[in-house]
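Here's a quick briefing to read with the model open in your viewer. Have the sequence handy too, and hop from topic to topic as you like.

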Amino acid sequence: MKFAVIVFPGSNCDADMYHAIKDGLGEEVEYVFHTETSLDGYDAVLLPGGFSHGDYLRSGAIARFAPIMPAVVEAANAGKPVLGVCNGFQILLESGLLPGAMKRNIDLKFICRNVELRVENNETVFTSSYKQGETVLIPVAHGEGNYECDDETYEKMLANKQIVFRYNEHVNGSKAQIAGIVNEQGNVLGMMPHPERAVDSLLGNQQGLALFTSILSNWRESYVTTS
């Protein structure tokens, strides 16, 4: 399986994401810069955390217009797994690939620590290696992670099982403790916590690795089915 890690000006978790795939998962991965216009040949797309374009206007608001973004949308529409973490999540929201918006953390402070997440839906391409209701410890590092959507959107996501992760505690003010959501098709995931920072026993935590093994396992099953 071949992964693309999209690199924007100001990305600072691209190397972490690269390491998670190459060393944690043992699969092929390449950096793809925001100025490129094609993602042909890649089986999955990863939008890393950071501060794209300095978070000017809004987090992800400028990156949403990068030359690579039409190809990201095309990959998503083709059913390929697209993962956006932290700033990557914000970019997915700005691009319209996921519903809702991000606000400043409720206490207006940058948060950087481990948090407990509850797996709300383990029937996605990103969570099939987790158990339903499982609690995992994943680090967060953000200043604008306060997820918001209107009540109608929330009820729709609830009915469609689009809420994949919730915080087990009050972290940033997110509506209904939402930490990660997928699109209606289930192939685009945005989440504020950083699973790529929890894939190595050297750092004392490998609980994020199951997210990436889920992607790989589902891709292999799909490949066998279609080949």
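Strand β4 covers residues 82–85, and in this predicted model its residues are all buried. Val82 and Gly84 point one way, while Leu83 and Val85 point the other way. That fits the usual pattern: in a regular strand, side chains alternate between the two faces of the sheet.

**Who sits beside β4**

- β4 pairs with β3 in the parallel sense, over three bridges.
- On that side, Gly84 of β4 has Leu47 standing opposite.
- β4 also pairs with β11, again in the parallel sense, and here there are four bridges.
- If you want a marker for the β11 pairing, look at Leu83, which stands opposite Leu189.
- β3, α2 and β4 together make a β-α-β unit, and its hand is right-handed.

**Helix α3, mostly tucked away**

- How many of the nine residues of α3 are buried? Eight of them are, so the helix is largely enclosed by the rest of the structure.
- The buried set is Asn87, Gly88, Phe89, Gln90, Ile91, Leu92, Leu93 and Ser95.
- Right after α3 comes Gly96, with a positive phi near 85 degrees.

**His194 and its surroundings**

- His194 is in the loop between β11 (188–191) and α5 (209–226).
- Don't let the loop address fool you: is His194 buried or exposed? It's buried, because its relative accessible area is 1% and the cut-off for buried is under 20%.
- The side chain of His194 makes a polar contact with the side chain of Glu196, at 2.6 Å.
- Leaving aside neighbours within four places in sequence, His194 is in contact with Cys13, Gly49, Val85, Cys86, Ile138, Pro139, Val140 and Ala141.
- One name there should ring a bell: Val85, in contact with His194, belongs to strand β4.

**Aromatic pairs**

- The structure holds three aromatic pairs, and two of them are worth a click.
- Tyr18 and Tyr31 make a stacked pair, with 4.7 Å from centre to centre and 20 degrees between the planes.
- This pair links distant parts of the chain, with Tyr18 in helix α1 (residues 14–25) and Tyr31 in strand β2 (residues 28–33), 13 residues apart.
- Tyr18 is partly exposed at 22% relative accessible area, and Tyr31 is partly exposed too, at 35%.
- Phe89 and Tyr147 have ring centres 6.2 Å apart and planes at 15 degrees, so this pair is stacked.
- Phe89 lies in α3 and Tyr147 in strand β8 (residues 146–148), so the pair ties together parts that are 58 residues apart in sequence.
- Both of these rings belong to buried residues: Phe89 has a relative accessible area of 1%, and Tyr147 comes in at 0%.

**Charges over rings**

- Lys2 puts its charged end over the ring of Tyr42, 5.1 Å from the ring centre.
- Arg64 lies over the face of Phe65, and here the distance to the ring centre is 4.7 Å.

**Positive phi away from glycine**

- Which residue in the loop between β3 (44–47) and α2 (69–77) should you look at? Try Asp55: its phi is near 60 degrees, a positive value in a residue other than glycine.
- Asp55 counts as buried because its relative accessible area is 18%, and the cut-off is under 20%.
- Gln177 also isn't a glycine, yet it has a positive phi of about 60 degrees.
- You'll find Gln177 in the loop between β9 (163–167) and β10 (178–182).
- Gln177 is buried as well, with 18% relative accessibility.

**One last spot: Ala15**

- Ala15 is found in helix α1, and at 43% relative accessibility it counts as partly exposed.
- Ala15 and Ile62 are 47 residues apart in sequence, and their C-alpha atoms are 21 Å apart in space.

Note on methods. Residues are numbered from 1 along each chain as its sequence is written. This is a predicted model: local features need pLDDT of at least 70, side-chain atom pairs count only at pLDDT 80 or more; totals for chains, interfaces and linings use all residues. Side-chain values use heavy atoms; hydrogens and water are left out. Buried means under 20% relative accessible area, exposed over 50%, partly exposed in between (1.4 Å probe, protein chains only). Helices (H or I, at least four residues) and strands (E, at least two) are DSSP runs, numbered from the N terminus. A polar contact is a pair of N or O atoms within 3.5 Å; within protein, one must be able to donate a hydrogen and the other to accept it, and residues adjacent in sequence count only if both atoms are side-chain atoms. Contact means heavy atoms within 4.5 Å. Two strands pair if DSSP finds at least two bridges between them. A crossover is right-handed if, with the strands pointing away from the viewer, the path from the first strand over the helix to the second runs clockwise. Rings of Phe, Tyr and Trp (its six-membered ring) pair if their centres lie within 6.5 Å; planes under 30 degrees apart count as stacked, over 60 as edge-to-face and the rest as tilted. A charge sits over a ring if NZ of Lys or CZ of Arg is within 6 Å of the ring centre and within 35 degrees of the ring normal.
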